Amino acid sequence: MILMKERKNKYDFIQEILESKKLTVAQRERVLLLAAEEIKHENSNDIDLLKRLKEIEEKISQLESVPPKSGDGETGGSGSKNKNQLTHNPKLVSQYLKKFKENTPLKWTTHTWDEKKYETIDLFIEDLNEDKEYNKLFNVHRDMYNLINYFIYQPKDELNEKGIPKYGWPNLQDLKIGWQFPNHLLINWCKENFDNKEDNRKYPFQFNLPKELQPQKPIKGKMITTFENVVDIFKTEIQFREDYFYKELKKRNSRLADYKFEGIENFKNLDFYTYTNGFLSALDTVLNEIKKNETEKNILFSYEMQENDLIIDITQLNSFPTRKLNTNNLAHFLGGGMNAISGSIFSLCDFSIISKFTNEKNNEISGELLIVYDGIKGNWSGKDVSINAVPRLQVYNKEITGFTYRFKFYL
Amino acid sequence: MKILFVEDRPSRQLLFLPNKEKDVEHIRSLKSVYMPESNECKEIIAQINQNNYNFENSLKLIIVHKSALETRGLEYINNFCKNEKVKLVCFSGGISQLTYNNEDYEFLNINSSDFYTERLVPFLNGFIAEKSETLLELANKEWKLSYMLLARQIIGSIALENDEDVKFNLEDKLDKINNILSFDFTINSENTEKLNTEIKRIILSL
């Protein structure tokens, strides 16, 4: 009983400190870490206390995610003064992208029209234009918004005298066509070749791109001559399909032949929706970071699928950080590489690193440093996202075999 | 049961199969094929997506409409097929390129319109009678010849290609063809004569 009372007091004390408004975010992180360590030493099986600590964590997280009052330009929502402030919301992105396989008009932008779904192209386009949900992507993932806007709707882009857009898709500038853009080219073709036809009907995917809109070089290894080719590329931009991710891993393994890529075979047929270019950019930065430690050549790739999420881990085995982790200033641990990864995966997945860190007092900490997590803000520069949040450290109790980059996707 | 056939949009069968209702009735009459309908089909898809469907032990082949599956459901089926060496055919209107793999288990990804053809009924009959050699029979009767011709083209293209991405894709494809055809020689630029002999042999037998 005495022990229980003592624990209750300790818990109350921790709670009081954590809820104090005088503490900075970094100081709260420090208290939380010390509290976790204290409880771990006391009795690692004390589920009740750990549960209560989690409750405090959640409370703090809620406190920190309350958006500032409107008018200060930091809310980032629709009507915000700061249109380049984004909010990390990977769930929204994956829910939106899933609509491309559900029974929605979006599905028919990427699936062959194997049944006569629409009598005329205008009916299809009307259906598409009714769905305004993509607007929500504007303050969540700008590249994705721009891609969807280009492929399905009507981007604001200048055309030259021949009617060719100045800019192309966000990641693939040589692709300059979508369902409605430029100049309703595809729609006009469908009016002549698809609308109300019983015989000799041609479907939108059969549209041959005008020469001036055909990219000169292959895109993702293929020449693009028909609208079907364009659709195929779009699908690989929003989804890892079939062996796409596995092949990208293999490709990188062939470039880094002196490193051993363990476990990539398991990624065959891993199929999930995301902005693939963003995640592949992050993957390249991870590999560049890994190359900085030339002595540890084994990289373990693994994933775990749970009910609503997919966790992908990339671990450089037996590699541990040499940079100290200042628990009073966790952001100090992040270098250019980590920031680049964070920007690439912003609103696609949560990002953390797991390792054995050494703190400013030379104590070892087995922890997970949460870098990109729910609700944090980022700034869009027109090209990249820079994150605007303080990392959080939490104790990690499982075995640590090296330096792990963890990406958590929402399914 | 040997074959589980999950199609949540059966109207497509009537649309594409050459003998329409007759073909559908024939498939339904096959005792070794279990093709659940309407609510039962939806229930099975839901169970697969929730990872709690119990596949029968006698299962040798699963045919499924890919778009009906969520990431988790697809993973569940893939793992089952990999562990139990059950063959898998995924069809969908969203699949633009046929992919075939026979490394861990036989797996075919195929567009719905290429799947529902005159080849489907003979394939099912042959599979049940254990006379089917590969899932590729669903895609192309002369699949061996077409892979050999493709390999010959790829070998020529690799030599001329400068784009690293294209080169990697071509080499990857050639590796796969080597796995699929499993000749006693490796198909590459040094063995084009051997490949030509094989091609000639098949063409003369047509």
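## Walking through a two-chain model

Student: Which exposed residues sit on the face of H7(B) turned away from its buried side?
Tutor: Keep in mind that this is a predicted model. The buried residues of H7(B) fall within an arc of 120 degrees when you look down the axis, so they line one face of the helix. The face turned away from them carries the exposed residues Gln153(B) and Leu160(B).

Student: And which residues of H7(B) are buried?
Tutor: An α-helix has 3.6 residues a turn, so residues three or four places apart point the same way. Cover for the buried residues here comes from, among others, helix H8 (164–181) and helix H9 (192–205) of chain B. The buried ones in H7(B) are Tyr147(B), Met148(B), Ala151(B) and Ile154(B).

Student: How far apart should the ends of H7(B) be, and what do its end C-alpha atoms give?
Tutor: Helix H7 of chain B runs over residues 143–160, which is 18 residues. At 1.5 Å a residue, the expected span is 26 Å. The end C-alpha atoms agree with that, being apart by 26 Å.

Student: Zooming out, what share of chain B counts as buried?
Tutor: Chain B has nine helices and six strands, and its C-alpha atoms fill a box of roughly 55 × 35 × 30 Å along the principal axes. Of its contacts between residues at least 6 apart in sequence, 60% join residues at least 24 apart. Out of the 206 residues of chain B, the buried share is 29%.

Student: Where chain A touches chain B, which element supplies the largest share of chain A's side?
Tutor: The contact involves 22 residues of chain A and 24 residues of chain B. On chain A, helix H8 (227–238) and helix H9 (244–255) each supply at least two residues. The largest share, three residues, comes from H9(A).

Student: How many residues on that side of chain A are charged?
Tutor: Split the touching side of chain A by residue type. You get five nonpolar and six polar residues, and the charged ones number eleven.

Student: Which peptide bond in chain A is cis, with omega near 0 degrees?
Tutor: Most peptide bonds are trans. Look in the loop between helix H6 (142–152) and helix H7 (185–193) of chain A, where Pro182(A) lies. The cis bond leads into that proline, from Phe181(A) to Pro182(A).

Student: Is Glu130(B) buried or exposed?
Tutor: Glu130(B) lies in the loop between helix H6 (120–128) and H7 of chain B, and its phi is near 60 degrees, a positive value in a residue other than glycine. Most residues other than glycine have a negative phi. Since 12 or fewer neighbours is the cut-off for exposed, and Glu130(B) has 8 other C-beta atoms within 10 Å, it counts as exposed.

Student: What about Lys220(A), with its phi near 50 degrees: how does its exposure count?
Tutor: Lys220(A) is placed in the loop between H7 and H8 of chain A. It has 14 C-beta neighbours inside 10 Å, so it counts as partly exposed.

Student: Is Phe403(A) buried or exposed?
Tutor: Phe403(A) lies in strand S12 (residues 402–410) of chain A. Beyond its neighbours within four places in sequence, its contacts include Thr315(A), Phe320(A) and Ile353(A). The cut-off for buried is 20 or more neighbours; with 22 C-beta neighbours inside 10 Å, Phe403(A) counts as buried.

Methods: Residues numbered from 1 in each chain as written. Chains lettered and ligands numbered in written order. Predicted model: local features only at pLDDT ≥ 70, side-chain atom pairs only at ≥ 80, totals over all residues. Helix = DSSP H or I, 4+ residues; strand = E, 2+ residues; numbered from the N terminus. Expected span 1.5 Å × (residues − 1). Arc of directions from axis to C-beta. Contact = placed C-beta atoms within 7 Å. Nonpolar A, V, L, I, M, F, W, Y, C, P; charged D, E, K, R; others polar.
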